[in-house]
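Student: I should like to work through this model with you, beginning with its confidence and ending with its side-chain pairings. Shall we proceed by question and answer?

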Amino acid sequence: MKLNSDDQQLAESKILLLYILSKVGKPISHNELLELVTSIVDMNYFYFQQFLLDLLEDNYIYTYKKEDKDIYEITEDGKNAIDLTIDIIPGILKLEVDSKFKKNLDTIKDKFSISAEYTPISEREFSIRCKIVENNITIFDLQAHAGSGEQAKKIVENWNNKATEIYPKLLELLIDE
């Protein structure tokens, strides 16, 4: 069967997604995968979603929930599919993926390993959650309350910008005798 240009582009994009997942080598969240793929190649969100659904349906990848996040991982069938079809991806595109991959993955890991958010409970009460995640393991998770929206925003902002300074201080206070 000869592929027309649309079929060729579709196959190339799916194999490229599998190739990126195989390079990651471990489970990755939906947002991390989306950001990684779009930082490497020009792919819009709707195509990305469709390719992801097709690969799930074909059992080339699987997904599960972890801490309210969709996590994706390549299956053995997916790895076999890459081995058989890697030649579909043009060499220049593979080279581009390989060169951008390490830098972009590290940036995304840093960006997603520190997070904070707040949720209104009532008009004057807000719940705040500050986290640090490394290698898909939560190493720090703090929940607190704030008495105003401004205070909640400030806590979230400070955590997102200064967690690398705040976390060691908190740890030191917690272990201090």
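Student: What is the mean pLDDT of the chain?
Tutor: This is a predicted model, and confidence is therefore the place to begin, since where pLDDT is low, the predicted coordinates should not be read in detail. In this chain, 88% of the residues reach 70 or more. The mean pLDDT of the chain is 83.

Student: Which element has the lowest mean pLDDT?
Tutor: Helix H3 stands at the upper end of the elements, with a mean of 92. At the other end the mean is 71, and it belongs to helix H5 (residues 91-113).

Student: In what pattern do the elements follow one another along the sequence?
Tutor: The secondary structure comprises 6 helices and 6 strands. Read along the sequence, they give the pattern α-β-α-α-β-β-α-α-β-β-β-α.

Student: What share of the residues counts as buried?
Tutor: The accessible surface of the chain is about 11400 Å², and carbon and sulfur atoms contribute 51% of this surface. The chain has 177 residues, and the buried share of them is 35%.

Student: Which helices does the salt bridge between Lys14 and Asp54 tie together?
Tutor: The side chains of Lys14 and Asp54 meet at 3.0 Å, N to O. Lys14 has a relative accessibility of 17% and is therefore buried; Asp54, also at 17%, is buried as well. The two residues are 40 positions apart in sequence, so the pair ties together helix H1 (residues 5-24) and helix H3.

Student: Is Lys65, the partner of Asp70 in a salt bridge, buried or exposed?
Tutor: The closest approach in this pair is 2.9 Å, N to O. Asp70 has a relative accessible area of 31% and is partly exposed. For Lys65 the value is 59%, and because exposed means over 50%, Lys65 is exposed.

Student: How far apart are the closest N and O atoms of Arg129 and Asp141?
Tutor: Arg129 is partly exposed at 29% relative accessibility, and Asp141 is partly exposed at 36%. The two residues form a salt bridge in which the closest N and O atoms are separated by 2.5 Å. Arg129 lies in strand E5 (residues 125-134) and Asp141 in strand E6 (residues 137-146), so the pair ties together parts whose separation in sequence is 12 residues. The N to O distance is 2.5 Å.

Student: How many aromatic pairs does the structure hold, and what is the angle between the planes of Tyr47 and Phe51?
Tutor: The structure holds 6 aromatic pairs. Tyr47 and Phe51 form one that is stacked, with 6.1 Å from centre to centre. Both residues lie in helix H3 (residues 45-57), 4 residues apart, about one turn of the helix. The angle between their planes is 15°.

Student: Which residue of this pair is buried?
Tutor: Tyr47 has a relative accessible area of 52% and is exposed. Its partner has a relative accessibility of 6%; because buried means under 20%, the buried residue is Phe51.

Student: Which residues form a nonpolar patch on the surface with Leu171?
Tutor: Leu171 is found in helix H6 (residues 149-175) and is partly exposed, with a relative accessible area of 34%. The patch has about 320 Å² of accessible area in total. Its other members are Leu174 and Ile175.

Key:
Residues numbered from 1 in each chain as written. Predicted model: local features only at pLDDT ≥ 70, side-chain atom pairs only at ≥ 80, totals over all residues. Heavy atoms only, no water. Phe/Tyr/Trp six-rings, centres within 6.5 Å; stacked < 30°, edge-to-face > 60°. Buried < 20%, exposed > 50% of the residue type's maximum accessible area, 1.4 Å probe, protein only. Patch = residues over 30% accessible without salt bridge, like charges linked within 9 Å, V, L, I, M, F, W, Y side chains within 5 Å. Areas by Shrake-Rupley, 256 points an atom, 1.4 Å probe, with all protein chains shown as cover. Salt bridge = Lys/Arg side-chain N within 4 Å of Asp/Glu carboxyl O. pLDDT = per-residue confidence, 0-100.
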